[in-house]
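Here are a few exercises to work through at your own pace. Keep the viewer open and try each task before reading its solution.

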Amino acid sequence: MIKTGDPRSLGVPASEARLHFDTERQELGGGPRRRLLMVDDEPAFELSFYCGTCPLLFRRLETAREKLSLESMQERLTGTLDDPDDGGVIDAFGTLLPEGEYLPLLLEVEPRLVIPGSEGDYFSGEQVTTWGIDQFWGLPEYPHTPYYRTFETAVDADAHLYEFVVPMVPPTWNERERVEEYVALMEQGTVPTAVAISTLDVCRPAIDRGDDYFVHWGLTHFLLDGHHKLEAAATAGRPVRLLSLLALNESLAGSEDTARLPALRTQSRTARRIGR
């Protein structure tokens, strides 16, 4: 954690925002309505169910094809942001977001790229230890996207915080030259800044099916700007700063949980051991 701002009202009416949260319309005889992250009025990600007992989820959908970077902020974000309010970055990205209350968090992260189903995948690892595999498919949840793991720590003996950075489009869509340019800058000591809209979902399984029953706190950052920077940092093993705008109204967490988040994010990184 570098710095936390005060919660603030940001955004434009949802009908004017490039990004907003929505709930899928209920079809007659259909299953539960999906909670969605929308980009340009297209469903981009399916998120954790509202029930709070289902597994944590961010699943990329077929219509997720757009990044949301701002050309006017490129030069400012190539360097290090030392304060959430530096250079008008929050207000600039606020024009992309729906009206709501947001908590600015300025973090420094060292991202590790994870491919679903491979070593280090949360969905086939820690999540299965608690919820087991999906009872219908007989498989772990599948996010349909590579993603970055950046941090985890204990909330208490019965809860653990996991942090993820999720690109709007896969790293394979990134321009190789730009990634290499950022790698070179980072090797010279530059720490660039990425920007994300974030949610905190607190998920407690209703039934003990796994080997380790505990509450999962999922802090998920959806990248608005910084796709090339995150890949470069993961490639070079270097840090990058991340300005997170935590959507307080859209998170599956109470006000007491979100109030604890800044302090939790200052703790040492610790992995959870089964049964603790």
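The exercises below concern a predicted model.

**Exercise 1. Work out how helix α4 and helix α5 pack against each other.**

Solution. Start with the geometry: α4 spans residues 176-187, α5 spans residues 227-236, and their axes lie 8 Å apart at an angle of about 55°. Angles of 65 to 115 degrees would count as roughly perpendicular and those under 35 degrees as roughly parallel, so α4 is oblique to α5. Next, take the handedness: the crossing of α4 with α5 is right-handed.

Now list the residues that make the contact. From α4 come Arg176, Arg178, Val179, Tyr182, Val183 and Met186. The α5 side supplies His228, Lys229, Glu231, Ala232, Ala233, Thr235 and Ala236. Finally, sort them by class: the contact has seven nonpolar, two polar and four charged residues.

**Exercise 2. Decide how many residues of α5 are buried, and which they are.**

Solution. First count: seven of the ten residues of α5 are buried, which leaves this helix mostly covered. Then name them: His227, His228, Lys229, Leu230, Glu231, Ala232 and Ala233. To finish, step past the end of the helix, where Gly237 follows with a positive phi near 65°.

**Exercise 3. Describe the surroundings of Arg176: is it buried, partly exposed or exposed?**

Solution. Locate the residue first; Arg176 sits in helix α4. Its relative accessibility is 39%, so Arg176 counts as partly exposed. Leaving aside residues up to four places away in sequence, Arg176 touches Pro171 and Glu231. Glu231 is one of the α5 residues in the contact between the two helices, and it is buried. For a sense of distance, compare Phe151: it is 25 residues from Arg176 along the chain, and their C-alpha atoms are separated by 26 Å.

**Exercise 4. Find where Thr145 lies and which residues it touches.**

Solution. Begin with the chain: Thr145 belongs to the loop between α3 (126-131) and β9 (147-156). Next, check its accessibility: the relative accessible area is 2%, and because buried means under 20%, Thr145 is buried. Beyond residues up to four places away in sequence, Thr145 touches Phe45, Arg60, Pro116, Val166 and Pro167.

**Exercise 5. Establish how many disulfides the structure holds, and how accessible Cys51 and Cys54 are.**

Solution. Recall the bond in question: a disulfide joins the sulfur atoms of two cysteines covalently. The structure holds zero disulfides. Turning to accessibility, Cys51 has a relative accessible area of 45% and is therefore partly exposed. Cys54, at 26% relative accessibility, also counts as partly exposed.

Notes. Residues are numbered from 1 along each chain as its sequence is written. This is a predicted model: local features need pLDDT of at least 70, side-chain atom pairs count only at pLDDT 80 or more; totals for chains, interfaces and linings use all residues. Side-chain values use heavy atoms; hydrogens and water are left out. Helices (H or I, at least four residues) and strands (E, at least two) are DSSP runs, numbered from the N terminus. Buried means under 20% relative accessible area, exposed over 50%, partly exposed in between (1.4 Å probe, protein chains only). Contact means heavy atoms within 4.5 Å. Axes are lines fitted to C-alpha atoms, for helices over the stretch in contact, and angles run from 0 to 180 degrees between N-to-C directions. Angles under 35 degrees count as roughly parallel, over 145 as roughly antiparallel, 65 to 115 as roughly perpendicular and the rest as oblique. A crossing is left-handed if the near helix is turned anticlockwise from the far one by less than a right angle, and right-handed if clockwise. Ala, Val, Leu, Ile, Met, Phe, Trp, Tyr, Cys and Pro count as nonpolar, Asp, Glu, Lys and Arg as charged, and the others, Gly among them, as polar. A disulfide is a pair of cysteine sulfur atoms within 2.5 Å.
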